[in-house]
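Thanks for making time this morning. I would like to walk you through one structure, going from helix contacts to the record's annotations and then to a short stretch close to the start of the chain.

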Amino acid sequence: MSRKLRGSVWLSISYVLLAVIGVFSVYPALWVVMSSFRTGNSLFSETLFPTAFTLEHYANLFNKYDFALWYTNTLKIALTTTVIGTVLTLLPGYAFSIFRFTGRKTMMSTLMVLGLFPGFMSMIAIFILLNLLNLLNTHLAVILVYTAGAPLFFLFAKSYFDTIPKSLVEAARIDGAGHLSIFFRIVMPLSTPLIVYTALSIFAGSFTDFLFAKLVLRTPETKTLAVGLFDMISARQATDFTSFAAGCVLIAVPITFLFILLQRLLTEGLTAGAEKG
């Protein structure tokens with residue numbers, strides 16, 4: 001077999017494998033979307049595409065349930081967490097990348113080890129602490145916990161800041177710029193891909209989190225989307241699964257919109273970095 005023919009065979013196999021992975025990835029999401037337009041309350045169907053389409057389940061979310069309130073609560077928590085969490089992730093990453101101080105490696109190792117533990121291991125301790133602070137059943141408690149956990153993933157930020165030439169920082173120092181001025185006016189404009197990735201990750205995580213929100217938020221007026229949708233189908237007589245599917249589709253809307261909106265910045269930032277290198 002010639003080298004050219006062997007390359008063509010491997011390329012064809014790669015395309016087939018990618019097509020199979022794409023089908024397995026898209027099919028469950030497509031099933032949920034089609035189920036949200038299907039008449040009746042059952043998710044089971046012999047065909048992928050419904051025989052009759054309806055928007056009744058989307059209307060039911062707002063007429064029968066407090067879906068608008070759940071959406072507002074979730075957006076408030078996710079947006080606040082994204083802004084504060086992104087800043088809290090970038091600052092330690094920059095500090096560990098630029099500065100050299102006593103205990104630096106020990107602190108980095110400690111944060112890395114803490115980040116390896118699953119979040120649910122500390123839930124009981126956090127629950128007791130929030131109870132002592134009288135913060136249970138408040139959105140502030142959820143925001144505080146989400147933002148406090150964000151800096152544990154500082155390593156992504158540090159790795160990116162390590163690629164920025166130190167000569168830029170040193171030149172700014174010679175010109176009299178302070179640490180905050182260097183960070184916000186020189187380093188941040190060069191870190192668009194990092195900011196976009198960090199913000200998207202924090203937003204998606206806080207927008208879809210269920211375990212901690214279910215533990216802390218108890219009353220109907222404080223529920224988030226994940227908690228509200230779970231309670232919708234967890235009742236003993238609950239059968240409204242197609243409305244649940246409609247809610248899942250609406251949950252994906254802001255995350256998908258943000259990804260499409262910010263994808264251009266991510267691509268342009270990476271391209272600019274390649275040209276600079």
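Let me begin with a contact between two helices, in what is, please keep in mind, a predicted model: Tyr94, Ser97 and Ile98 of α3 meet Lys166, Val169 and Arg173 of α8. Sorted by class, the residues of this contact of α3 with α8 are three nonpolar, one polar and two charged. As for the geometry, α3 covers residues 67-98 and α8 covers residues 166-174, and the two pack at an angle of about 90° with their axes 12 Å apart. Angles of 65 to 115 degrees count as roughly perpendicular, and α3 and α8 are therefore roughly perpendicular to each other.

Now, how do α3 and helix α9 pack? Helix α9, residues 179-187, packs with α3 at an angle of about 110°, and their axes are 12 Å apart, which makes α3 roughly perpendicular to α9 as well. On the α3 side the contact is made by Leu90, Leu91 and Tyr94, and on the α9 side by His179, Ile182, Phe183 and Val187. Here the division by class is six nonpolar residues, one polar and no charged.

Let me turn to the annotations, which come from an unreviewed UniProt entry. That entry places the feature "domain: ABC transmembrane type-1" at residues 71-262, and in the model this span is 74% helix and 0% strand, with its end C-alpha atoms 21 Å apart. UniProt also lists residues 12-34, 77-99, 111-133, 139-161, 182-207 and 241-262 under "transmembrane region", again in an unreviewed entry. Taking two of these, residues 139-161 are 83% helix and 0% strand, with the end C-alpha atoms 33 Å apart, while residues 241-262 are 100% helix and 0% strand, with the end C-alpha atoms 32 Å apart.

Finally, I would like to look at helix α2, residues 56-63, and ask which of its residues are buried. They are His57, Tyr58, Asn60 and Leu61, and because they cover an arc of only 155° around the axis, they lie on the same side of α2. In general, an α-helix has 3.6 residues a turn, so residues three or four places apart point the same way.

Leu55 lies in the loop between α1, residues 3-36, and α2, and with a relative accessibility of 60% Leu55 counts as exposed. Leu55 and Leu43 are 12 residues apart in sequence, and their C-alpha atoms are 15 Å apart in space.

Note on methods. Residues numbered from 1 in each chain as written. Predicted model: local features only at pLDDT ≥ 70, side-chain atom pairs only at ≥ 80, totals over all residues. Heavy atoms only, no water. Axes fitted to C-alpha atoms, helices over the stretch in contact; angles between N-to-C directions. Helix = DSSP H or I, 4+ residues; strand = E, 2+ residues; numbered from the N terminus. Parallel < 35°, antiparallel > 145°, perpendicular 65-115°, else oblique. Contact = heavy atoms within 4.5 Å. Nonpolar A, V, L, I, M, F, W, Y, C, P; charged D, E, K, R; others polar. UniProt positions renumbered as here; feature names shortened; annotations may be inferred. Buried < 20%, exposed > 50% of the residue type's maximum accessible area, 1.4 Å probe, protein only. Arc of directions from axis to C-beta.
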